[in-house]
Amino acid sequence: MEILSPAGNLEKLKYALQYGADAVYCAGKKFGLRAKAGNLSNQELLAAREICTKMSKKLYITLNIFAHNSDLQELPEYLIFLKELKPDGLIVSDAGIFSLCQKIAPKLPLHISTQANITNCESARFWHNQGAKRVVLARELNLDEIKKIKQEVPDLELEIFVHGAMCIAYSGRCLLSAFINERGANQGVCTQVCRWGFAISEKKHSGQWFELQEDDYGSYVLNSKDLCLLDYLQELENIGIDSVKIEGRMKSLYYVANTARAYHHALDGKNDLKFFHEELDKISHREYSTGFITSHGEQYYKSSAYIRNYQFIGTILSQESDLLKIDIKAKFEIGETIELIFPNFEDDLRYKVQEIFDESMRPISKTDPNSTVFLKIDKKLPPFGIIRKKI
């Protein structure tokens with residue numbers, strides 16, 4: 001079963017693959033539903049294709065906006081580029097985009113996005129008959145419904161989301177952001193209005209309004225918990241799911257890497273699941289739930305804030321002898337204990353900071369964000385190291 005990770009930019013793509021993802025999904029500069037992610041230029045997509053080919057990994061490109069006529073003017077030129085790029089699949093939601101893909105790049109495999117809200121066997125069969133290779137099932141399905149679809153359309157590849165933020169809207173098709181902020185979620189510029197605090201109001205006969213508040217901060221009535229299906233990986237594999245997908249093209253490099261390695265190693269059965277749950281608790285997240293797999297989804301009414309027990313500090317750029325060169329994203333100081341993590345859990349280590357040096361090799365007592373520093377360590381470390389600390 002394929003572990004599919006988000007790649008909001010080229011750097012995240014590299015870390016996702018190094019940390020255990022079998023495939024990545026990303027977007028070009030247009031036509032994807034995460035317009036505010038870094039996304040990849042055409043030149044970066046060429047680089048991504050080369051990286052995936054060398055590592056025998058797969059590359060999927062999202063074209064999953066619901067298009068207006070104006071959106072379609074530039075799409076043919078982009079599809080000609082993708083035809084030459086030869087990604088392993090295009091993820092689409094819109095029937096018009098699906099049709100153009102078949103006309104301009106007929107040999108590229110087409111995957112139907114979760115935005116198409118496929119919730120039954122006949123919908124899955126319809127898209128398969130149209131030429132789709134894979135469908136990303138709606139999040140609103142339980143295990144029995146997923147199993148039924150696989151039994152009824154066995155030749156169609158099935159992909160489901162197993163981790164990350166859940167949308168309040170049906171299969172992510174939301175109008176709140178467009179209505180309140182004139183930024184349409186279905187065009188990739190959602191402002192996540194569902195995470196805002198709301199106060200319920202009731203209209204009196206007089207035409208006046210009064211507020212009914214849960215507390216001084218309002219109520220987060222639309223704020224969904226995050227999805228985590230780590231405990232169901234084996235069951236999903238037994239059903240015949242082809243790919244399990246992690247949400248998060250807007251999330252950090254650290255999030256992308258640590259979710260990829262947790263799901264990768266959990267699927268391999270190398271450790272007790274409790275260990276991997278603890279690792280997933282160390283990334284920024286809301287309270288977890290199993291979504292609709294076992295229940296009817298869950299909302300979290302107290303707050304829309306993330307749970308952050310660990311902080312992403314930076315990445316190890318290189319090691320020369322006993323010197324680690326580090327790209328700093330958040331500060332730490334002498335005396336603190338930091339953790340260095342790597343693609344394989346057994347390489348992880350804790351390190352109490354004794355000395356820090358700036359780029360001129362002058363001793364400093366603490367780091368500044370967006371800087372480069374050096375640490376001394378008397379151990380040869382694997383590449384693609386990430387640094388975090390407990391808050």
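These legends walk through a few views of one predicted protein model.

The model is predicted, and local features need pLDDT of at least 70, side-chain atom pairs count only at pLDDT 80 or more, while totals for chains, interfaces and linings use all residues. Residues are numbered from 1 along each chain as its sequence is written, and side-chain values use heavy atoms, with hydrogens and water left out.

**View 1. The whole chain, with its 10 helices and 20 strands.**
Helices (H or I, at least four residues) and strands (E, at least two) are DSSP runs, numbered from the N terminus. The radius of gyration is 22 Å, close to the 21 Å that the globule rule gives for 391 residues, so the chain is as compact as a globular protein of that length. That radius is taken over C-alpha atoms, and the globule rule is 2.2 Å times the number of residues to the power 0.38. If you boxed up the C-alpha atoms along the principal axes, you'd need roughly 65 × 65 × 45 Å. Of the 391 residues, 51% count as buried (buried means under 20% relative accessible area, exposed over 50%, partly exposed in between, with a 1.4 Å probe and protein chains only). Now for contacts, meaning heavy atoms within 4.5 Å: among those between residues at least 6 apart in sequence, 67% join residues at least 24 apart.

**View 2. The surface and charges of the chain.**
The accessible surface comes to about 18700 Å², and carbon and sulfur atoms hold 48% of that. Accessible areas come from the Shrake-Rupley method with a 1.4 Å probe; for residues, only the protein chains shown count as cover. There are 50 positive and 52 negative charges, and their mean positions are 3 Å apart. Lys and Arg count as positive and Asp and Glu as negative, while His and the chain ends are not counted. Each charge is placed at NZ of Lys, CZ of Arg, CG of Asp or CD of Glu.

**View 3. Helix 1, from its start to the glycine that follows.**
Helix 1 covers residues 10-18, and its buried residues are Leu10, Lys12, Leu13, Tyr15, Ala16 and Leu17. An α-helix has 3.6 residues a turn, so residues three or four places apart point the same way. At the start of helix 1, look for asparagine 9: a side-chain oxygen there reaches to within 3.2 Å of the backbone nitrogen of glutamate 11. After the helix comes glycine 20, with a positive phi near 125°.

**View 4. Histidine 265, a buried residue in helix 9.**
Helix 9 spans residues 253-268, and histidine 265 has a relative accessible area of 3%. Leave aside neighbours within four places in sequence, and histidine 265 is in contact with Lys270, Phe276, Pro343, Asn344 and Phe345. The side chain of histidine 265 also reaches the backbone oxygen of proline 343 at 3.2 Å, a polar contact (a pair of N or O atoms within 3.5 Å; within protein, one must be able to donate a hydrogen and the other to accept it, and residues adjacent in sequence count only if both atoms are side-chain atoms). Don't go looking for valine 373 next door, though: histidine 265 and valine 373 are 31 Å apart, C-alpha to C-alpha.

**View 5. Glutamate 279, buried in helix 10.**
Helix 10 runs over residues 273-280, and glutamate 279 has a relative accessible area of 4%. With neighbours within four places in sequence left out, glutamate 279 is in contact with Asn258, Arg261, Phe345 and Arg388.

**View 6. Alanine 124, buried in helix 5.**
Helix 5 is made of residues 121-130, and the relative accessible area of alanine 124 is 0%. Not counting residues up to four places away in sequence, alanine 124 touches Ile118, Ile149, Val153 and Leu156. Aspartate 94 is 30 residues away from alanine 124 in sequence and 15 Å away in space, C-alpha to C-alpha.

**View 7. Lysine 86 and serine 321, two loop residues with positive phi.**
Lysine 86 sits in the loop between helix 3 (75-85) and strand 4 (89-92), with phi near 60°. Lysine 86 is exposed, at a relative accessible area of 53%. Serine 321 belongs to the loop between strand 13 (310-320) and strand 14 (323-328), and its phi is near 55°. Serine 321 is exposed too, with a relative accessible area of 70%.
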